[in-house]
Amino acid sequence: MEFATFADRAATIEAESADLEIVAHVRDLLAEAGDDLPIVARFVQGRVFPAWDSTTLDIGPNTCYEAIARAAGTNVDADDVEERLADRGEIGAVAASYDFGGQQGLGAFMSGGGSGAGGAVDNNDDQDDRNNGGNGSNSGNDSNSSNDSNSSNGTGDLTVREINDTLTDLAAAEGSGSQDRKVDLLFGLFNRCSSDEARYLARLVLSEMRIGVGEGTVRDAIAEAFEVPQEPVERALQVSNDYGQVAETAREDGVDGLDEIDLEIGRPVQAMLAQAGTVTDALEEWDEAAVEWKYDGARIQLHYDPAGPGGPDGDSNGETHVFSRNMEAVTDALPEVVEFADEHLDGPAILDGEVVAIDDDGNPLPFQEVLKRFRRKHDVAKARENVSVRPVFFDCLHADGDDLLEEPLVERHNQLESVLAMGPQQEPEEIDGFSLLWVTDNPDEIEAVDADALEAGHEGIMLKNPDSAYSPGRRGKNWQKRKPDVETLDCVVTGAEWGEGRRATFLGTFELSVRDGDDLETVGKVATGITDEKLEELTELLEPHIVAEDGTAVELEPAVVFEVGYEEIQTSPTYSSGYALRFPRFLGVRYDKDTAGAETLERLETLFES
Ligand code: AMP
């Protein structure tokens with residue numbers, strides 16, 4: 001397809017505001033794209049590479065301004081381009097405002113060289129010649145370059161394929177002189193552009209297409225253009241993240257072909273996302289919840305194939321790939337994850353997890369530490385000496401040739417367990433890097449998992465629908481991170497219980513009360529969110545205030561105030577206030593407050609009403 005045709009269609013789409021009309025225009029564009037369908041399906045979204053591919057053009061705005069300036073004439077420089085940008089607000093309008101009429105001179109020069117702008121593309125070393133060509137052309141172009149009218153006609157021979165190939169070459173340029181090479185290649189393209197072509201080329205290059213075509217539009221357009229239902233298109237897109245491949249498959253092989261698009265080792269899928277939720281809602285909705293620790297690190301997707309060819313991005317780690325939540329390749333930054341795969345995996349697998357920074361004892365460090373490692377490109381070994389990381393996997397998308405996206409979470413987790421235990425036979429608890437999962441309808445058990453997670457230095461818990469499929473890129477109800485406490489309450493501690501077993505010498509399960517005039521009324525008990533170390537400190541603090549004991553129960557004179565979080569306030573006959581805190585959590589001692597500063601029943605009532 002000629003790039004002029006693409007630009008013309010893009011302009012029509014941009015001028016359209018009705019969604020259905022936009023889909024119809026994109027449908028027509030895809031239908032007429034011929035052999036260039038995969039390229040057109042990407043370009044129309046402003047992408048040069050498939051969504052799964054981490055390759056970038058690595059072109060800063062200045063490189064683009066410079067190329068535009070050079071194509072615009074001798075009296076234009078990158079500063080002029082930037083000035084126009086300040087005036088017009090977007091690079092497409094700026095590019096379209098220049099007259100790249102100089103292409104005449106260059107065209108003559110190039111055709112003399114026998115390769116059109118391909119000379120600029122193919123011949124890396126003849127920059128002087130090109131400059132001469134450019135300069136030669138500019139003599140006739142001076143007046144045009146300062147003229148804002150859209151009068152540039154272009155050479156009319158640019159195709160989307162040539163642009164795609166040139167930009168692919170450009171992305172591959174690296175090392176010294178690569179920025180100059182990029183400017184050269186871009187100049188070669190701009191110099192042959194009409195106004196409209198320049199508008200969309202500039203936007204494509206700077207990832208600012210913005211013609212109102214999102215992923216949903218292309219999905220619908222593919223379905224319409226090639227008369228296939230939306231659902232298989234959607235599934236194929238989720239699995240491949242490649243609009244080009246999906247469009248071409250829909251056209252060539254219809255639904256059957258789409259159904260055959262599977263996950264591939266080395267081609268990342270979008271991560272399933274979580275929304276905030278509460279234990280109360282999760283249990284109400286699903287009856288049982290799958291509960292896991294929430295690790296405070298960075299999301300990773302591990303792809304491993306012991307017999308793989310090295311994967312499409314050709315990365316040097318051969319068959320192991322690690323991707324970020326945004327499908328960016330981060331393999332080289334995380335050798336620990338590569339080593340983990342070598343050690344624990346025997347067959348092809350795609351695993352979803354988190355990479356966590358750890359201290360010398362293996363305890364988790366705050367999220368900021370992981371960032372020192374996550375996208376690092378240089379001095380990885382040195383960085384590893386300062387901060388090491390370890391992966392923890394909580395999901396399995398592919399195991400031994402089978403895609404598992406449609407399988408229920410519990411089944412995927414079973415697969416994860418067997419995939420990780422494939423090497424030396426191990427109990428799941430023993431597998432470092434395996435996230436345990438508890439399926440329960442018992443809120444106390446959930447609280448216990450939460451307390452253990454916090455005690456182990458993690459963020460808290462995730463609540464997942466045990467029956468749910470893996471939905472790439474979706475932030476839905478099926479995965480919930482426990483909501484942080486919106487409100488906290490400062491309650492007086494009026495009682496406690498001696499613990500059991502290894503906690504027998506500690507006070508635990510603290511009774512909480514609020515003030516009602518001169519009285520104190522109970523609102524609940526808090527036992528979770530407290531580490532052994534903290535329990536020892538609290539026992540020391542509270543023991544002197546014991547006024548009565550009955551079995552393991554102790555009564556305390558009101559002296560100490562706890563800050564507690566909770567999920568909600570309910571009316572309750574159990575406590576003397578008439579209210580109960582659901583899922584109270586210990587957050588800390590208010591050493592700065594005495595009991596007179598604690599919460600009142602009145603405030604509890606107000607919070608309940610609201
Ligand atoms: P947030 O980043 O706060 O939206 O929380 C969701 C993120 O928590 C996910 O994208 C993961 O990176 C991370 N996470 C940590 N532990 C888990 C887990 N067990 N299951 C799912 N996601 C987890």
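**Close-up views of a ligand site and two helix pairs**

**View 1. Three side chains reach polar atoms of the ligand.** In this predicted model, an N or O atom in the side chain of Glu292 sits 2.6 Å from a nitrogen atom of the ligand. Another nitrogen contact comes from Lys464, with a polar side-chain atom 2.8 Å from a ligand nitrogen. Lys294 faces an oxygen atom of the ligand instead, and a polar atom of the Lys294 side chain is 3.3 Å from that oxygen. On its own the ligand would expose 490 Å², and the protein buries 87% of this area.

**View 2. Strands help to build the shell around the ligand.** Three elements each give two or more residues to this shell: strand 2 (289–294), strand 9 (460–464) and strand 10 (475–482). Strand 2 gives the most, with three residues. If you would like to find the shell yourself, look for Glu292, Trp293, Lys294, Tyr295, Arg299, Arg325, Glu354, Phe394, Met462, Lys464, Trp479 and Lys481. Sorted by class, seven of the shell residues are charged, five are nonpolar and none is polar.

**View 3. Helix 11 packs against helix 12.** Here helix 11 (residues 160–172) and helix 12 (residues 178–190) have axes 9 Å apart, at an angle of about 170 degrees. An angle over 145 degrees counts as roughly antiparallel, so that is how helix 11 and helix 12 are described. On the helix 11 side you will find Ile163, Thr166, Leu167, Asp169, Leu170 and Ala171, which meet Arg181, Lys182, Leu185, Leu186 and Leu189 of helix 12. This contact has seven nonpolar, three charged and one polar residue by class.

**View 4. Helix 1 crosses helix 13.** The axes of helix 1 (residues 3–15) and helix 13 (residues 195–205) are 9 Å apart and make an angle of about 80 degrees. Angles of 65 to 115 degrees count as roughly perpendicular, and helix 1 and helix 13 are therefore placed in that group. Helix 1 brings Phe3, Ala4, Ala7, Ala10, Ala11 and Glu14 to the contact, while helix 13 brings Asp196, Glu197, Arg199, Tyr200, Leu201 and Arg203. Among the residues where helix 1 meets helix 13, seven are nonpolar, five are charged and none is polar.

Conventions
Residues numbered from 1 in each chain as written. Predicted model: local features only at pLDDT ≥ 70, side-chain atom pairs only at ≥ 80, totals over all residues. Heavy atoms only, no water. Axes fitted to C-alpha atoms, helices over the stretch in contact; angles between N-to-C directions. Helix = DSSP H or I, 4+ residues; strand = E, 2+ residues; numbered from the N terminus. Parallel < 35°, antiparallel > 145°, perpendicular 65-115°, else oblique. Contact = heavy atoms within 4.5 Å. Nonpolar A, V, L, I, M, F, W, Y, C, P; charged D, E, K, R; others polar. Near = heavy atom within 4 Å. Polar contact = N/O pair within 3.5 Å; in protein donor to acceptor, adjacent residues only side chain to side chain. Areas by Shrake-Rupley, 256 points an atom, 1.4 Å probe, with all protein chains shown as cover.
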